[in-house]
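Got the viewer open? Let's take a short walk through this one, one selection at a time.

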Amino acid sequence: LQDIIPQPLLDQYLSMTDPARAQTVDTEIAKHCAYSLPGVALTLGRQNWHCLKDTYETLASDVQWKVRRTLAFSIHELAVILGDQLTAADLVPIFNGFLKDLDEVRIGVLKHLYDFLKLLHADKRREYLYQLQEFVVTDNTRNWRFRYELAEQLILILELYNPNDVYDYLRHIALTLCSDKVSEVRWISFKLVVAILQKFYANNANALGLNFINELVVQFRHCSKWVGRQAFAFICQVG
């Protein structure tokens, strides 16, 4: 129970996840419930999250991907409302589920990946380093905007990790994206490569920077295909 809003009104909202109501009231009612949930959570405050927790978990496992997609697009907003402790306990498991969902759901998480990760404690954030490369693989290889979004997010995410983590985990993704079949993805990836180099040298990780430059020279400057050598020229231009 809570005293922020009339209890019958809250009960009516919580009942929107009842499958019977989808059949008798509106087939999209669960999606409407998911769309409104961050606003309801903000109104109730984090001290009353227990009133919404079960409903949120029910929506997160809804059979309709549109419902899960709606939650995926707003999970970073809900994390701000709930704070780090509740986020780690109740949102991270659902976030992890969305990471393995359909591309239509994963894109919601991906578009605000930086916003969510920056709210986590450093040790919890490091757990996602290996999973980031899974975003390179999509259900449909023609979905190039997914890979474009990944490169854009990684440029922001660089600030959340130390140079060694960037070298060990993120540089591989950047090199893969630089060889993408779609030119738009390659272009944004060139900016990512330069941002990684800037990260190394700004943190006095000169050895890592030099190793990365040598790798770029081998993979692109001396590439047998002209598109690879062109990529090297563009990286130099961006830098």
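Before you select anything, a word on "domain": the bounds used here come from an automatic or database domain assignment. Keep in mind, too, that this is a predicted model.

Start by colouring residues 1-120 as domain 1 and residues 145-238 as domain 2. If you mark the centre of each from its C-alpha atoms, the two centres sit 35 Å apart. Now pick out where the domains touch: domain 1 puts 10 residues into the contact, and domain 2 puts in 9.

How much area do domain 1 and domain 2 bury between them? About 900 Å², with 75% of it on carbon and sulfur atoms. Next, select Leu110, Lys111 and Tyr114 and show their side chains. These three supply 62% of the area that domain 1 buries against domain 2, more than any other three residues.

Stay on Lys111 and add Glu149 to the selection. The pair forms a salt bridge, and the closest N and O atoms are 3.1 Å apart. Across the interface of the two domains, the count of salt bridges is 1. There are also 5 residue pairs in polar contact between domain 1 and domain 2.

Which elements give two or more residues to the side of domain 1 that touches domain 2? Select 103-111 for helix 6 and 113-117 for helix 7. Helix 6 gives the most, with 5 residues. Finally, try colouring that side of domain 1 by residue type: you should get 5 nonpolar, 4 charged and 1 polar.

Notes: Residues are numbered from 1 along each chain as its sequence is written. This is a predicted model: local features need pLDDT of at least 70, side-chain atom pairs count only at pLDDT 80 or more; totals for chains, interfaces and linings use all residues. Side-chain values use heavy atoms; hydrogens and water are left out. Contact means heavy atoms within 4.5 Å. Buried area is the accessible area (1.4 Å probe) that two parts lose on being put together, summed over both. A salt bridge is a side-chain nitrogen of Lys or Arg within 4 Å of a carboxyl oxygen of Asp or Glu. A polar contact is a pair of N or O atoms within 3.5 Å; within protein, one must be able to donate a hydrogen and the other to accept it, and residues adjacent in sequence count only if both atoms are side-chain atoms. Helices (H or I, at least four residues) and strands (E, at least two) are DSSP runs, numbered from the N terminus. Ala, Val, Leu, Ile, Met, Phe, Trp, Tyr, Cys and Pro count as nonpolar, Asp, Glu, Lys and Arg as charged, and the others, Gly among them, as polar.
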